[in-house]
Amino acid sequence: DPGSAGEGCNREIYMNTCILAAWWVVCREDAPSRWRLLMGGLTLGVASLLKTIVAVHWLALVVWLLLQWRSRTTAQDCPGAKGLSRQLALFSLGPAFLWVTALLYFYATGRGSLFADAVFGFNVGYSDTSEAFFMRFLRSFQPLRHPFIFESARAIWVCGILATLALTVAALRKRSTASNGILLLIVASYLALCLPAQFWPHYYYLMLPPLVLATALMLGDAAASLAHLEVRTWLPRLLLAA
């Protein structure tokens, strides 16, 4: 989208597709099957070939698997330490296969050093700034204003921020699995946005899907709460719909 500072196609759009697919495949079950772990890692591997910052989402899902394993250590169906190791190995197989294949291809065609410099050297230099490391997380809240990203999607940003706060409270109070998963996705997307230390408008595309999911979950929880009220609820329902 040239209108949002993309000199070609905005890769974040395609990255979002693979990122959301990986989170859905891995997190839709407390104990994902081997096939789901393999497919989740593979889709993240595809996204990481577009931009290496997707590695943040791989690490976040590893944290998710560790948290799920820890919460089930007292259950009879807990996979145990060896089972957890197999899960992580399967989740690593997809990205490892894709990156090894890419490296071998470019080295076989005499462009290995150029590939390594473009993918790793340039990215590290691109994110190098003279400011303190944590300043980039503050600068993310002062982006270049652009109607395609911010003004036209203001409702998503406002509702998403409110939903994130509500889900944080819900996660602390009820330890909701759904809330924890969405919050972890939001954190991973925020890190992926900030770590490059460059804030082109189209980079913020990475935040829109998790904020939409958070808003949907918040509205679903609100509707469920209203459904349990014994008094007349037509007014709050009308306000919620509005």
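Ile156, in this predicted model, is in contact with Leu208, Leu211 and Val212 once its neighbours within four places in sequence are left aside. The residue belongs to helix H8, which covers residues 154–174, and with a relative accessibility of 30% Ile156 counts as partly exposed. Between Ile156 and Met207 there are 51 positions in sequence, while their C-alpha atoms are 9.9 Å apart in space. Leu211, one of the contacts of Ile156, is also among the members of a nonpolar core of 21 residues, a core that includes Phe150, Ala171 and Phe199 as well.

**Overall architecture**

The protein has 11 helices and 0 strands, so that, read from the N terminus, its elements follow the order α-α-α-α-α-α-α-α-α-α-α. Of its 242 residues, 39% count as buried, and the exposed surface comes to about 14200 Å², of which carbon and sulfur atoms supply 69%. Among the contacts with a separation of 6 or more, 69% are made by residues 24 or more positions apart.

**The largest core and helix H4**

The largest nonpolar core holds 24 residues, and within it the most contacts are made by Ile19, Trp23, Leu44, Leu61, Trp64 and Phe91. Two or more residues each come from helix H1 (11–27), helix H2 (34–50), helix H3 (55–71) and helix H9 (177–194), and H1 gives the most, with 7 residues. The core of 21 residues that contains Leu211 lies apart from this one.

Phe91 offers a useful view of the surroundings: leaving aside neighbours within four places in sequence, Phe91 is in contact with Val26, Leu37, Gly40, Gly41, Leu44, Trp58, Leu61, Val62 and Leu65. Two of these partners, Leu44 and Leu61, are themselves listed with Phe91 among the core residues that have the most contacts.

Phe91 is one of the buried residues of H4, together with Gly83, Leu84, Gln87, Gly94, Pro95, Leu98, Trp99 and Ala102, and the buried residues of this helix pack against H1, H2, H3 and helix H5 (112–126). Helix H4 spans residues 80–108, has 29 residues, and reaches 41 Å from its first C-alpha to its last, which is close to the 42 Å expected at 1.5 Å a residue. H4 nevertheless bends by about 30° at Leu93, and a proline, Pro95, follows within four residues. After the helix comes Gly110, which has a positive phi near 75°.

**A positive phi away from glycine**

Most residues other than glycine have a negative phi. Ala197, by contrast, has a positive phi of about 65° although it is not a glycine. Ala197 is placed in the loop between H9 and helix H10 (208–227), and because its relative accessibility is 2%, below the 20% limit, it counts as buried.

**Charged residues**

Side chains of opposite charge can pair when their charged atoms come close. A search of the whole structure finds 2 salt bridges, which are set out below.

| Basic residue | Acidic residue | Closest N and O atoms |
|---|---|---|
| Lys51 | Glu12 | 2.4 Å |
| Arg139 | Glu131 | 2.7 Å |

In the pair formed by Lys51 and Glu12, Lys51 lies in the loop between H2 and H3 whereas Glu12 lies in helix H1, so this salt bridge ties together parts that are 39 residues apart in sequence. Lys51 is buried, with a relative accessible area of 16%, and Glu12 is likewise counted as buried, at 2% relative accessibility.

For the pair formed by Arg139 and Glu131, the accessibilities fall in another class: Arg139 is partly exposed, with a relative accessible area of 27%, and Glu131, at 26% relative accessibility, also counts as partly exposed.

A further charged residue, Arg36, lies in helix H2 and is buried, because its relative accessible area of 18% is under the 20% cut-off. Apart from its neighbours within four places in sequence, Arg36 is in contact with Val25, Val26, Arg28 and Glu29. Val26 thus appears among the contacts of Arg36 and among those of Phe91.

Key:
Residues numbered from 1 in each chain as written. Predicted model: local features only at pLDDT ≥ 70, side-chain atom pairs only at ≥ 80, totals over all residues. Heavy atoms only, no water. Core = buried A, V, L, I, M, F, W, Y, C linked by side-chain atoms within 4.5 Å. Buried < 20%, exposed > 50% of the residue type's maximum accessible area, 1.4 Å probe, protein only. Contact = heavy atoms within 4.5 Å. Areas by Shrake-Rupley, 256 points an atom, 1.4 Å probe, with all protein chains shown as cover. Expected span 1.5 Å × (residues − 1). Bend = angle between axes of the 7 residues up to and from the residue. Salt bridge = Lys/Arg side-chain N within 4 Å of Asp/Glu carboxyl O.
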